[in-house]
Amino acid sequence: MKSVSIIGAGVVGQAVGRILREKGYEIKGVVARSIAKAEVAAAFIGAGEPGIDPVGGASGADWILITTPDKAIKETCGRIARGNGFGKGSLAIHMSGALGSNVLDSARKAGARALSIHPIQSLASSEQAVKNLPGSYFSVEGDAEAIADGREIVEALGGLLVMIPGEKKALYHAGAAVASNYLVAALDFAVMIYEALGMRRDEAVKAIMPLVRGTVNNVERVGVPDALTGPIARGDVETVAGHIEALEKYLPDMLPLYKALGRHTVKVGLAKGSLKKEDAGRLIEILD
Ligand SMILES: NC(=O)c1ccc[n+]([C@@H]2O[C@H](COP(=O)([O-])OP(=O)(O)OC[C@H]3O[C@@H](n4cnc5c(N)ncnc54)[C@H](OP(=O)(O)O)[C@@H]3O)[C@@H](O)[C@H]2O)c1
């Protein structure tokens, strides 16, 4: 069984450490910036030597997980490399969605292999992450000779692996940002409309949630584009014209966003097959 060090034992590092420990992996160093935080992290993981020195923490481990915030990954990896913390055949891993494994090049130069392994999940706390990481998809990118280890880690975490090319990591991350962050922004837009009706923000959020849940469930059940419903999917041009008129009157600043999302929704409706070409043409005219 491989040994693991966690350098940057925050939300993700602690959760991954706990799951790997439960699966029988040996936890070596558990490193944070203060010893108090490292001790709390080691207690959560249930094993490991708390510390504040990334070099000492990494030394002797087969897998070195650098789970610091993104901006500290490259520098932390460089520090470990300079201090000879990467043993021969060891594997440096970070779990950022935005960065490629190239930020671990200093580990490669020191003779280690490197991977980025990113869970497509939003993790607010270590407790929640221990529950949510299993069943999540993990993207893996990096050294060909380390992919088997990547597969082993993802399997140990109960995840599903998807390989991505390193040079497309930013594109991959844009997909995750659209699915999560832009969804929140789109819901903020809906809430703004209900606020314009006089609803309180918290009421508006509550009011749209059953609809949001139903929609997300449909996406899970039948996929995209088939989950699309509503006036654009039906080719109901009059209703969309009514939305535009109402927004012009009450929320004119938001009209460009409504129209931009509408134009993409027309493409989804066409792909579903429920929207006729001639209705799509009329919709595009009013949405342009
Ligand atoms: N949270 C998510 O939803 C999520 C999802 C997917 C991937 N990720 C990725 O997982 C990684 C870790 O994120 P996280 O949410 O677990 O972060 P986090 O909770 O803020 O934990 C960061 C850890 O790194 C330590 N640290 C902070 N600055 C450091 C520095 N300059 N040098 C060394 N150590 C430092 C912190 O120590 P102290 O505790 O002592 O401050 C803490 O132990 C990131 O690459 C992130 O992109 C996060």
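These legends describe close-up views of a predicted model.

**View 1. Eight strands form one open sheet.** The strand order is E3-E2-E1-E4-E5-E6-E7-E8. Pairing within the sheet is mixed. Strand E3 (49-51) and strand E8 (160-163) are the edge strands. Each of these two pairs on one side only. From one strand to the next, the twist averages 25 degrees. Strands of a sheet pair through backbone hydrogen bonds, either parallel or antiparallel.

**View 2. Strand E2 (residues 26-31) pairs with E1 and with E3.** E1 and E2 run parallel and are joined by 4 bridges. One partnership links Ile-6 to Val-30 in E2. E2 and E3 also run parallel, with 3 bridges between them. Here Gly-29 has Glu-49 of E3 as its bridge partner. How much of E2 is buried? The count is 5 of its 6 residues, so the rest of the structure largely encloses this strand.

**View 3. Helix H1 (residues 11-22) packs on the sheet strands E1, E2 and E4.** H1 lies across strand E1 (3-7), E2 and strand E4 (63-66). Relative to E2, the helix runs at about 165 degrees.

**View 4. The largest nonpolar core has 49 residues.** Which residues have the most contacts inside this core? They are Ile-64, Ala-92 and Ile-93. Helix H1 gives the most to the core, supplying 5 residues. Apart from this core lies another, of 7 residues. Its members include Ile-232, Ala-233, Leu-275 and Leu-283.

**View 5. Ala-92 and its contacts, leaving aside neighbours within four places in sequence.** Ala-92 is in contact with two isoleucines, Ile-64 and Ile-66. Cys-77, Phe-86 and Leu-104 also contact Ala-92. Three alanines complete the set: Ala-107, Ala-112 and Ala-114. Ala-92 is also among the residues with the most contacts inside the largest nonpolar core, as is its partner Ile-64.

**View 6. The ligand is surrounded by 25 residues.** The closest are Gly-8, Gly-10, Val-12, Ala-32 and Arg-33. Which elements each supply at least two residues of this shell? They are H1, helix H4 (70-82) and strand E6 (113-119). By class, the shell has 13 polar, 9 nonpolar and 3 charged residues. H1 thus appears in two views: this helix supplies residues to the ligand shell, and it gives the most to the largest nonpolar core.

Conventions. Residues numbered from 1 in each chain as written. Predicted model: local features only at pLDDT ≥ 70, side-chain atom pairs only at ≥ 80, totals over all residues. Core = buried A, V, L, I, M, F, W, Y, C linked by C-beta atoms within 7 Å. Buried ≥ 20, exposed ≤ 12 C-beta atoms within 10 Å, placed from the backbone. Contact = placed C-beta atoms within 7 Å. Near = placed C-beta within 6 Å. Nonpolar A, V, L, I, M, F, W, Y, C, P; charged D, E, K, R; others polar. Pairing = 2+ DSSP bridges. Axes fitted to C-alpha atoms, helices over the stretch in contact; angles between N-to-C directions.
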